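User: Hi! I'm new to this one and would like a quick tour. Can we start with the cysteines?

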Amino acid sequence: ENDAGDYTCVCGDKQSTASLAVHALPVVFKEELQNEEGLEGTSVSLHCELSKAAPVQWKIGSKVLKASDKYQMRQPGTTAELVIHDLEVKDA
């Protein structure tokens, strides 16, 4: 629900109106990504926590990752998680 807008206080035939603007708080990382190690053929999970729920994008280098059998992305609430399956040396 959007709380921004014009609010009016009415008393008999008199009224007073004011406009309310609501500014979004910037999203910050409450918990940063941590370095991980994994063995070939296993899975590894990377996760971080945001100050509020917001869409994220996962990248390796400059390449944006898409959900697949290899990459599983979950975002329960304010936690963003990337699971990388079937690790290969080239995934480092």
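User: Is C9 buried or exposed?

Analyst: This is a predicted model, and in it C9 counts as exposed, because its relative accessibility is 55%.

User: And what about C11, buried or exposed?

Analyst: C11 counts as exposed, with a relative accessibility of 59%.

User: How many disulfides does the structure hold?

Analyst: Zero. C9 is in no disulfide, and its nearest cysteine sulfur belongs to C11, 7.0 Å away.

User: Why is there no bond from C11 to C9?

Analyst: Their sulfurs are 7.0 Å apart, so they are too far for a bond. A pair has to be within 2.5 Å to count as a disulfide.

User: Okay, new topic. Which residues make up the largest nonpolar core?

Analyst: There are nine: V44, C48, W58, L65, Y71, A80, L82, I84 and L87. Strands β4 and β8 each give two or more residues to this core, and β8 has the largest share, with three.

User: What does L87 touch, apart from its neighbours within four places in sequence?

Analyst: L87 is in contact with G38, L39, E40, G41, T42, S43, V44 and K70.

User: Now pockets! How much space lies in the largest one?

Analyst: About 380 Å³. β4 (44-50), β5 (59-60) and β8 (79-84) each give two or more residues to its lining.

User: Which lining residues lie nearest the centre of that pocket?

Analyst: Of the 20 residues lining the largest pocket, those are V44, I84, L87, D91 and A92.

User: How does the lining divide into nonpolar, polar and charged?

Analyst: The lining of the largest pocket has 13 nonpolar residues, one polar and six charged.

How values were computed: Residues are numbered from 1 along each chain as its sequence is written. This is a predicted model: local features need pLDDT of at least 70, side-chain atom pairs count only at pLDDT 80 or more; totals for chains, interfaces and linings use all residues. Side-chain values use heavy atoms; hydrogens and water are left out. On a 1 Å grid over the protein atoms alone, a cavity is a set of points where a 1.4 Å probe fits but cannot get out, and a pocket is an open set with protein on both sides within 12 Å along at least five of seven lines; lining residues have an atom within 4 Å of a point. Grid points are joined across faces, edges and corners, and a volume is the space filled by probe spheres set on the points. Helices (H or I, at least four residues) and strands (E, at least two) are DSSP runs, numbered from the N terminus. Ala, Val, Leu, Ile, Met, Phe, Trp, Tyr, Cys and Pro count as nonpolar, Asp, Glu, Lys and Arg as charged, and the others, Gly among them, as polar. Buried means under 20% relative accessible area, exposed over 50%, partly exposed in between (1.4 Å probe, protein chains only). A nonpolar core is a set of buried Ala, Val, Leu, Ile, Met, Phe, Trp, Tyr and Cys residues joined through side-chain atoms within 4.5 Å. Contact means heavy atoms within 4.5 Å.
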